[in-house]
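Open the model in your viewer and keep the sequence panel visible. The stops below say what to select and what to look for at each one.

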Amino acid sequence: MRKRRSLWVWHLPLALFALFMLVPLWWMVVAAFDPMRALLGGHLALWPVQWNLSNFEAAWKSQPFGRYYFNSIATTTAIVTLQIATSTLAAYALVFLPFRGKRAVWALVLLAMMIPIQAIFIPDYLILSQLNWINTYQALILPFAASAFGIFWLHQAFRNVPRALVEAMVIDGASPWSVLWHLVLPNTRPAIMTLAVLNTVFHYGYLFWPLLVTNTAAFRVLPLGLSYFVAQQSGFMQWNLMMAAVLMTVAPMMALFGLAQRYLRAGVMHYGLRG
Amino acid sequence: MQAISETMDHAGIRSRRTRRAILWTPWLMLFPALAGISVFVLFPTLAVIGLSFTHWNLLSPHPAWNGMRNYQSLLSSPDFWTALLHTGIYALSVAGVILPAGFGIAWVLNQPLKARNAYRMIFFLPYVMPLAASGIVFSGLLAPSGGLVNVLLGRLHVAGPDWLGSVHWALVSVIAVTIWEYLGFYMLLFLSGLQQLNPALAEAASMDGAGSWQRFWAVIFPQLIPTAVFAGVMVVIQTFQAFDQIYVMTAGGPVTATTTLVYYIYEQGFQFFDIGRASAASVLFVLLVGAITLIQWRGMRRWGGDPS
């Protein structure tokens with residue numbers, strides 16, 4: 001009991017620190033809703049002069065944000081779906097099926113996992129430009145349709161499915177496809193969801209790759225649209241419009257965080273389990 | 001149709017078909033993933049090694065053999081060493097703040113504290129922000145006039161610098177946004193390490209009369225070393241790969257103040273079209289990341305973690 005009460009001491013520093021961490025987000029919200037004046041001239045902009053949606057209107061009109069939204073959501077969905085499908089199949093073969101050369105395949109997966117895309121983007125770009133795929137959805141999606149990390153992640157999850165259950169199904173004459181569909185997938189749904197959510201956050205927010213393989217507004221995704229918006233305003237920055245645009249970009253991830261944060265947290269904590 | 005089903009019923013052929021299926025199914029399942037990884041990771045890795053020995057500016061039809069000259073000119077170029085230095089400062093600064101702070105917060109939030117889930121949520125929230133968005137928000141906070149940070153400093157009668165426009169403060173600003181983005185991630189990593197502690201060991205130690213300080217260093221800390229090594233390697237690799245926040249905040253500048261290794265490769269390749277030089281820098285980058293990963297795997301084996 002005494003121990004519990006002494007813990008109260010922690011609330012003051014924790015609350016202060018939490019506020020500190022929330023300041024950038026709060027400032028973003030205030031600036032997005034606030035008319036321009038309040039942000040200049042040295043005022044402390046911690047509360048908007050009035051809550052106003054005009055910044056959102058102006059930002060939305062200044063760039064094809066509708067198109068950006070569509071591009072971001074479509075490419076992220078496609079990447080995550082494809083990656084889950086390819087990784088699931090590969091991980092199933094690696095965990096449950098006997099075949100020659102398994103160790104070599106696994107070694108290649110681990111090797112691929114160690115190579116960051118930031119080191120190989122030049123040949124990747126050259127391949128896509130040889131195919132005339134610059135400024136296409138393929139160029140945004142296909143390089144991430146397979147992922148060594150995804151295979152690795154699901155490999156760990158699939159290993160926990162009891163072998164006896166799998167063998168029982170095989171003896172009853174079930175094909176690998178049916179074991180995967182009826183037994184393994186239903187039993188590893190949390191791990192798959194976690195991979196999907198982690199991937200969604202990563203690819204939705206990814207600027208580096210779309211920057212390389214697109215140069216027209218038609219194929220721009222939201223983070224890239226934001227960076228063009230900044231460049232467009234250089235000289236006189238309208239922070240209010242900027243923050244409205246940022247808030248529009250961030251909103252779907254905040255919604256996802258609200259809906260799926262237990263998967264996200266489980267995912268990150270699972271990284272720790274490897275340690 | 002009838003003929004097919006009759007054939008299927010023929011026991012000998014069916015077993016041959018089944019055997020063929022057993023042989024081919026694994027490769028069928030592996031094919032999409034292996035094709036993708038081969039085309040977009042493994043082949044490009046070989047290609048980048050090959051290109052690093054050539055001179056090519058994308059205008060000439062083919063890369064021309066250039067031997068070791070790209071490596072020689074890289075290693076004798078002050079710009080390359082500056083980029084490496086910035087990468088090192090960046091990684092070590094982020095790690096130096098985020099590891100102790102992440103651990104400290106995890107430690108507190110592992111106590112039976114009221115509202116600890118709310119705190120965990122708040123600290124983790126920035127992780128879902130796209131880095132480009134976080135970078136732009138911080139650019140606003142750090143704006144030289146009217147930005148919240150300088151307004152607050154002004155209240156204290158301190159003239160705040162032009163954060164992103166100053167060679168001294170730009171890298172600090174990029175470090176700050178990176179810490180803000182990832183702190184919650186490392187807090188959760190340490191939390192997971194703390195939740196795996198064996199409580200019996202700490203109890204035994206306190207029965208033997210160990211004080212709480214002694215208990216921490218002698219019993220709890222050694223159990224946390226694998227998590228700490230893992231988190232350390234991960235934060236270094238994550239910062240080594242940083243690009244988005246630098247691109248939107250400073251574009252590598254002012255001058256070269258925030259040009260890290262990855263940003264240097266990007267500039268060499270996509271602004272100066274010096275493919276050979278950019279590839280040589282990429283190879284050195286892979287070797288660096290590979291060396292760090294090896295240290296991690298060695299460390300895991302030594303301190304009893306699962307290296308896979």
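Select residues 131–141 of chain B, which form helix α6. This is a predicted model, and in it 11 of the 11 residues of α6(B) are buried. Among them are Leu131(B), Ile136(B), Val137(B), Phe138(B) and Leu141(B). The buried set also includes Ser134(B), Gly135(B), Ser139(B) and Gly140(B). Colouring the helix by residue is useful here, because residues three or four places apart in an α-helix point the same way, at 3.6 residues a turn. Burial in this case covers the helix from Leu131(B) through to Leu141(B).

For a contrast, go to helix α3 of chain B, residues 69–75, and pick Leu75(B). Is Leu75(B) buried or exposed? Leu75(B) counts as exposed because it has 12 C-beta neighbours inside 10 Å, and 12 or fewer is the cut-off for that class. A distance to draw from here runs to His168(B): the two C-alpha atoms are 25 Å apart, with the two positions 93 residues apart in sequence.

Next, the nonpolar core. Which residues have the most contacts inside the largest one? They are Val246(A) and Tyr186(B), in a core of 165 residues. Helix α8 of chain B, residues 170–195, supplies the largest share of this core, with 17 residues. Centre the view on Tyr186(B) and show its surroundings: leaving out residues up to four places away in sequence, Tyr186(B) touches Ile98(B), Leu99(B), Gly102(B), Ala231(B) and Val235(B).

Now select the residues of each chain that touch the other. Chain B puts 71 residues into the contact and chain A puts in 72. On the side of chain B, helix α2, residues 11–51, gives the largest share, 16 residues. By class, the residues on this side of chain B are 52 nonpolar, 17 polar and two charged. For the complex, the predictor reports an ipTM of 0.91 and a pTM of 0.89.

Hide chain A and look at chain B as a whole. Its secondary structure consists of 13 helices and two strands. The radius of gyration is 27 Å against the 19 Å that the globule rule gives for 308 residues, so chain B is more spread out than a compact globule. Aligned to its principal axes, the C-alpha atoms of chain B fill a box of roughly 90 × 70 × 40 Å. Buried residues account for 42% of the 308 in chain B. Of the contacts in chain B with a separation of 6 or more, 68% join residues 24 or more positions apart.

Three backbone details in chain B can be checked in its loops. Start with the peptide bond between Gly253(B) and Pro254(B), which is cis, with omega about -5°. Pro254(B) sits in the loop between α11 (244–249) and α12 (261–270). The loop between α11 and α12 also holds Ala251(B), which is not a glycine yet has a positive phi of about 50°. Ala251(B) is partly exposed, because 15 other C-beta atoms lie within 10 Å. Then move to His157(B), in the loop between α7 (148–155) and α8. His157(B) also is not a glycine, and its phi is positive, about 60°. With 6 other C-beta atoms within 10 Å, His157(B) is exposed.

Switch to chain A. How many helices and strands does chain A have? There are 14 helices and zero strands. The radius of gyration of chain A is 24 Å, whereas a compact globule of 275 residues would have one near 19 Å. Its C-alpha trace spans about 75 × 70 × 30 Å along the principal axes. Of the 275 residues in chain A, 43% are buried. For contacts in chain A with a separation of 6 or more, 73% are between residues 24 or more positions apart.

Finish by colouring chain B by pLDDT. The average for chain B is 87, and 92% of the residues score at least 70. Select residues 1–12 of chain B: pLDDT stays under 50 there, and the model has two contacts beyond four places in sequence for this stretch. Where pLDDT is low, the predicted coordinates should not be read in detail.

Notes:
Residues numbered from 1 in each chain as written. Chains lettered and ligands numbered in written order. Predicted model: local features only at pLDDT ≥ 70, side-chain atom pairs only at ≥ 80, totals over all residues. Contact = placed C-beta atoms within 7 Å. Helix = DSSP H or I, 4+ residues; strand = E, 2+ residues; numbered from the N terminus. Nonpolar A, V, L, I, M, F, W, Y, C, P; charged D, E, K, R; others polar. pLDDT = per-residue confidence, 0-100. Rg over C-alpha atoms; globule rule 2.2 N^0.38 Å. Buried ≥ 20, exposed ≤ 12 C-beta atoms within 10 Å, placed from the backbone. Core = buried A, V, L, I, M, F, W, Y, C linked by C-beta atoms within 7 Å.
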